[in-house]
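Q: I would like to learn how to read a model of this kind, beginning with the ligand and working outwards. Could you take me through it step by step?

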Amino acid sequence: MLHGKPYSFAAYRGSDDADVVKEALSGKPCPELSGRVLFLESISHVDFAYICDRHCAAQGVVGRDVAKLDEETGFFYIPDFISKEEQQEIMENIRVDEERERLGRNGDSKWFRVQVRYVKHYGHSFDYHRKHIGTPDLAASTEIPQWMDKFVKRAFELVPTVTKYPDQMTIQQYPVGSGIPFHTDSHTSFGDTVFILSLLTPVAMDFRHPTTRTIVTKDLEPCSFVVMQGETRYGWEHAIRIRRSDLINGEVRERQERWSITMRTFNEAAECHCRYPALCDNDTEAVKKIREDRLAARRALKSATS
Ligand SMILES: O=C(O)CCC(=O)C(=O)O
Ligand SMILES: [Fe+2]
């Protein structure tokens, strides 16, 4: 950037939107600027959620300045949700399914590496590049495994606000030192409830509020279960920091390999009408296109079957 030259920044929700604008405007005379030529460049590290939510807060869209996450704000934490024996059972089921799937597919695996962690999807896959539901071939199966059934039923019993049976599940393996960057689970990919079952070792999960930048750290113990709904699910981001240890109650705790199982419901309409626009992907060009494509597919199916 040259000194003494004026620059402006525009924030987009994703690089696809930024690319569309660049393609349409850059290097061309702009009638609104008396024909002056605009030169656009894109960068990927502006924290658009922060900028956008500051703007929304000024308009009173996001009102609350909370520094706590609890059941009132949609954060449910259930320690010892499963027993150590059940944890063993789950790890064994993961291993057995893996063997069966490998045999069925001539050794082809549905485990994928994302940064340093490994992920495997059931029911619906997730495309981390597009930040939305991925193609069916990337999922290990069209349903979530039957061996999770009793745990889902347990969640229904323990958390009365859980009302929908999940149809998407992701198993993740976190090697020591790995994590997941700050994100909110895509609003238009999934419904209003996200489950996290933590396996084998503990980890600190950070939640970040986009307006206040408050960080709330929750320690996720092995065998614990988290339900995220409402404000926690839609209005905060969450992350597991990329590091080899966590500071818990003033003590350094070395990390060990961790596993997790997350479950969600598929958002068929790909629409979201939440009160948290800064973290919502409802109005992005990419999601508008997804809605159009799904509608076209439904129409094509209808005309083929009528
Ligand atoms: O593994 C976890 O505990 C959380 C994973 C997560 O946030 C996600 O997959 O969206
Ligand atoms: Fe997440």
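A: Let us begin with the residues around the ligand. In this predicted model, ligand 1 is surrounded by Thr170, Gln172, Ile180, Asp185, Ile196, His238, Ser260 and Thr262.

Q: What is the division of the shell around ligand 1 into nonpolar, polar and charged residues, and which elements each supply at least two residues of it?

A: The shell around ligand 1 comprises 2 nonpolar, 5 polar and 1 charged residues. Two strands, β8 (168–174) and β17 (258–264), each supply at least two residues of that shell.

Q: Which residues of the largest nonpolar core touch the most other members?

A: The general idea is that, in soluble globular proteins, nonpolar side chains tend to be buried together. Here the largest nonpolar core has 34 residues, of which Phe195, Leu197, Phe225, Val226, Val227 and Ile261 touch the most other members. Two or more residues of this core come from each of β3 (75–78), β8, β10 (194–199), β11 (203–208), β13 (225–228) and β17. Apart from it lies another core, of 6 residues, including Tyr234, Cys272, Tyr276 and Cys280.

Q: With which residues is Val226 in contact, leaving aside its neighbours within four places in sequence?

A: Once those neighbours are left aside, Val226 is in contact with Phe76, Tyr77, Phe195, Ile196 and Leu220. One of these, Ile196, also belongs to the residues surrounding ligand 1. For the chain as a whole, among contacts between residues at least 6 apart in sequence, 72% join residues at least 24 apart.

Q: Does a charged residue call for another reading, and is Lys120 buried or exposed?

A: The neighbour count is read in the usual way, and Lys120 counts as buried because it has 22 C-beta neighbours inside 10 Å, where 20 or more are required. Lys120 lies in strand β5 (residues 117–122), and, leaving aside its neighbours within four places in sequence, it is in contact with Lys110, Trp111, Ala140, Thr170 and Ile171. Of these partners, Ala140 is 20 residues from Lys120 in sequence, while their C-alpha atoms are 7.0 Å apart in space; another, Thr170, is among the residues that surround ligand 1. Buried residues make up 28% of the 306 residues in the chain.

Q: Where are Ser34 and Leu200 placed, and what is the phi of Ser34 and of Leu200?

A: Ser34 is found in the loop between β1 (29–30) and β2 (36–37), and although it is not a glycine it has a positive phi of about 50°. Leu200, in the loop between β10 and β11, is likewise not a glycine and has a positive phi of about 75°. As for their surroundings, Ser34 counts as exposed because it has 7 C-beta neighbours inside 10 Å, whereas Leu200, with 17 other C-beta atoms within 10 Å, is partly exposed.

Q: How can the span of helix α6 be checked, and how many of its residues are buried?

A: An α-helix has 3.6 residues a turn, so residues three or four places apart point the same way. Helix α6 (residues 285–305) has 21 residues, which at 1.5 Å a residue should span 30 Å, and since its end C-alpha atoms are 30 Å apart, the two values agree. The helix is hardly covered, for the count of buried residues among its 21 residues is 1.

Q: How many helices and strands are in the chain, and how far apart do the centres of domain 1 and domain 2 lie?

A: The chain has 6 helices and 17 strands. Its domain assignment gives domain 1 (1–46) and domain 2 (71–284), and their C-alpha centres lie 36 Å apart.

Technical notes. Residues numbered from 1 in each chain as written. Chains lettered and ligands numbered in written order. Predicted model: local features only at pLDDT ≥ 70, side-chain atom pairs only at ≥ 80, totals over all residues. Domains from an automatic or database assignment. Helix = DSSP H or I, 4+ residues; strand = E, 2+ residues; numbered from the N terminus. Expected span 1.5 Å × (residues − 1). Buried ≥ 20, exposed ≤ 12 C-beta atoms within 10 Å, placed from the backbone. Contact = placed C-beta atoms within 7 Å. Near = placed C-beta within 6 Å. Nonpolar A, V, L, I, M, F, W, Y, C, P; charged D, E, K, R; others polar. Core = buried A, V, L, I, M, F, W, Y, C linked by C-beta atoms within 7 Å.
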